[in-house]
Structures are given as structure tokens and as C-alpha cells.
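Please open the model in your viewer and keep the selection tool at hand, since each stop on this tour begins with something to select.

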Amino acid sequence: MIASQFYVLSLGTLCLGVVSAFVLRPKEQLLNQVAHSLAALGNVLAVLCAIFIFAQGEISLPLFDWLSMGTVTARLDYLAAFFMLVMGIAGTAASIYAPDYCHEYYGRRLWLMAASFNAFLLSMILVFTISHAAAFIVVWETMSLTSFLLVNHEWEKEANRRAAFVYLVMTHVGTVLIISAFLLLATAAGGFDFALLKQAKLSGFERNIVFLCALLGFGTKAGMIPVHVWLPKAHPAAPSHVSALMSGVMIKTAIYGLCRVLLDFLGPGPVWWGELVMALAIVSCVLGVLYALMEHDLKRLLAYCSVDNIGIILLAMGAGLTFSASGQPVLAGLAWTAALFHTLNHALYKSLLFLGAGAVLHATGTKDFEVLGGLIKKMPYTAFCFLIGSIAISSLPPFNGFVSEWL
């Protein structure tokens, strides 16, 4: 199928982007253009792959045999295609933005940034498509480590080193919990393939443990309160085009993981599952906004807004779980639609806002908006785009943020 060809081409293009960063290391100007152009092309191919999956149906691609762990397969179903579409759109914008923004990194390990950026994009596509628990953990860790390198790129700054360390610790705490959930499922299913995990026969107690491990494990990556502490530190430390992807897309890999576990592997559970998710979501919404109101650092403010928006997404997911447990499938479907729609919308406007913040930082040298003013006169295009993103994130009609939050 055409979708599978676009998928392979997307992975191959991003791999070529990683290689080009090493090969062209002495020629930074050429490296900057080539590596980020390949990143943009890889994302466009991912978008095309997702579109053809929606048009032609789901496909599976066997990748390789992993000794006693079975065949590792890439499963391109509608859920994977949706998240690939989200990543492809935001990733294309960030990749087009990157070459001009990265001029300031000439002579400052640009090759490492460009290689890590392509590897980061590649790992996220694999997270969305790999259909094997053990291989999923490998690509999940690859995504975490490449994003760690990007957060810590300017390691000369103590604040960046601290932020990267907190991020590394928290993401591995989350990974331990995710591994625990997968091991319980795989033990009951007798294998690691996602198709087998769907058929795992768990006791009620075991299902509850898998649910809690998945919620806290993926919730850590999502930035859900109270396991959010890494997010407002790491996102401002990363280069702005990376911040856009971390906030717009990477934290959504956790939403994908929760969707996969809750919808595919566990199915409807008790009412308290949904109530717990909604309670944590409400706390994330309220505290995320309060933290944001106290911030003067533009990128940290946007990071806390991501905590709030993850709360909104989890609120809809919790409602979906509650409706399913109460035997109301139509309302459950509406709630899950709201969650996924807001996932897309948040990726769009949050990426736009982080790229706008990067433009402000690049032009003024500061993220403290208390000392900024009158930028609309000097940066009218940035001001206009930032206004659009601000209206959307404020949920004012008729912009996309209003539509998904109202839903």
C-alpha cells in the first residue's frame, strides 16, 4: 500500500537527517540547511502516510524477529495515524523554522543538535507505530534520551544542567512504571506483541495495578500534576523549535500510550478509574493556570499552560472512562473525541506560541516579558501569529481552542 511506502520513506529520510549531521559537521551552514530540510521532508511524508491510512485502512508491517521475544511489527492503525498526523504537522513547522533560528548555534555543537533533532522525530514516529511492548520501551527510551540531549544542549548553563537532570530522573521513574504495566500484561498474555496484550486475562486486582502504573507512568511524561515537576524546567531550557515539539507533541506520546492501554489492552473498567483521572485532571487544570499566572518567563508560562491543557485532555479521557463504566457508549465516544480533538488543537497553537516565543528571544535576548513592550511595532508578523495562538489558547470563539474545550 502507498501508506507503507510513505512510512518507510519517512523513517529513511529522518535516518538520513541524522547521518547528514555527522557527515556535514565541518560545514555548518550546509549542515543546517540539509539536516533540517530532511527533517521537514520526513514530517511531510509522515503526514501523507497518516492521510492514506485514513483513506485506505489499517496496515501492519513486520520489521524484524527479536530472538525469543517474537516478531516486531509496525502497526499503522487509525490511532497511530492520528498521532502521526499531529506530529507531522507540528514537526514540519518546527523543521522549517529551525534553520534561521539555529544560526546562533554555529560553532556551538550544531551537528549534535541537528542529529538529536532528527533522531527525536524518528523515535516519536516509532513510538506511535511500534506494536511490540519490549520494542516500544526501547524507542520510548530513545525518545527520552534524544530529548534529554536537546534540553541539555547548552550544558554550560547550570540551570539547563539542573533541568536536564530532573527531566532524566522523572522520565525514568515513569519508564519503570510503564515497564511494570507491560510486564504484567505480557505475563498474562504469553507474549509482547500488542495483539496478544489485548487478549491478556487479568484478575480485577491485576487490571487495577496495570491501570495505576500506566496512569502514573505515562502521566509523568505528560506533565500531569503531581508528577509534572520536570516540565516547567525542561521546556524553557531547550531550543525553541525543540520546546515547540516537546510541548506540542512529545507530551502527547503519553496521551497515545494511555489511549493504547485503556482502549486496546484493558477495556472498560470500574467507575473509579474515570473518577481518579478526572480528579487529577482538575488539579492539573487549576494549578497549571495558577502557576502560569505567577510566571514572568515567557517559555515557563507556556510550559505551565501545557500542564493545564494536559489536564483538559485527561478530563475528557476520565469522562470517557466513567461513561463507559456506566454503560453509556455514545457519551463515552463523545468524550474521547473531545480528548483527541484537543490533543490536535493544543499541538497546533502551543507549537505556534513556542515558535513565537523563540522569535522574541532571538530578537530581544530575554524571555522576561515584564521588561518587553512595543514589539508589535518592530515584529508585526510575530505579533500577529502570537495573537492568533493566544486567542486559540484562551478558548475564544471561533478559534480551534474554543471548539475542542467546548466539546
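Select D264 first, which counts as partly exposed because its relative accessibility is 21%, where buried means under 20% relative accessible area, exposed over 50%, and partly exposed in between (1.4 Å probe, protein chains only). This is a predicted model, in which local features need pLDDT of at least 70 and side-chain atom pairs count only at pLDDT 80 or more, while totals for chains, interfaces and linings use all residues. Residues are numbered from 1 along each chain as its sequence is written, and side-chain values use heavy atoms, with hydrogens and water left out.

Now add R75, which forms a salt bridge with D264, the closest N and O atoms being 3.4 Å apart; a salt bridge here is a side-chain nitrogen of Lys or Arg within 4 Å of a carboxyl oxygen of Asp or Glu. R75 lies in strand β2 (residues 71–76) and D264 in helix α10 (residues 240–266), so this pair ties together parts that are 189 residues apart in sequence; helices (H or I, at least four residues) and strands (E, at least two) are DSSP runs, numbered from the N terminus.

Next, select D77 and R260, whose salt bridge has its closest N and O atoms 2.7 Å apart. D77 sits in the loop between β2 and α3 (78–101), while R260 belongs to helix α10, 183 residues away. Is D77 buried or exposed? At 4% relative accessibility, D77 counts as buried, and R260 is buried with a relative accessible area of 4%. Keep R75, D77, R260 and D264 selected together, for salt bridges that share partners join them into one network.

For a pair within one helix, move to E158 and R162, whose side chains meet in a salt bridge (3.0 Å, N to O). Both residues lie in helix α6 (residues 158–189), four residues apart, about one turn of the helix.

Then select S395, in the loop between α15 (380–393) and α16 (400–406). S395 is buried, with a relative accessible area of 17%, and, leaving out residues up to four places away in sequence, it touches G401, F402 and E405, where contact means heavy atoms within 4.5 Å.

Finally, select F136, which, apart from its neighbours within four places in sequence, is in contact with V127, I130, F182, F194, F218 and Y256.
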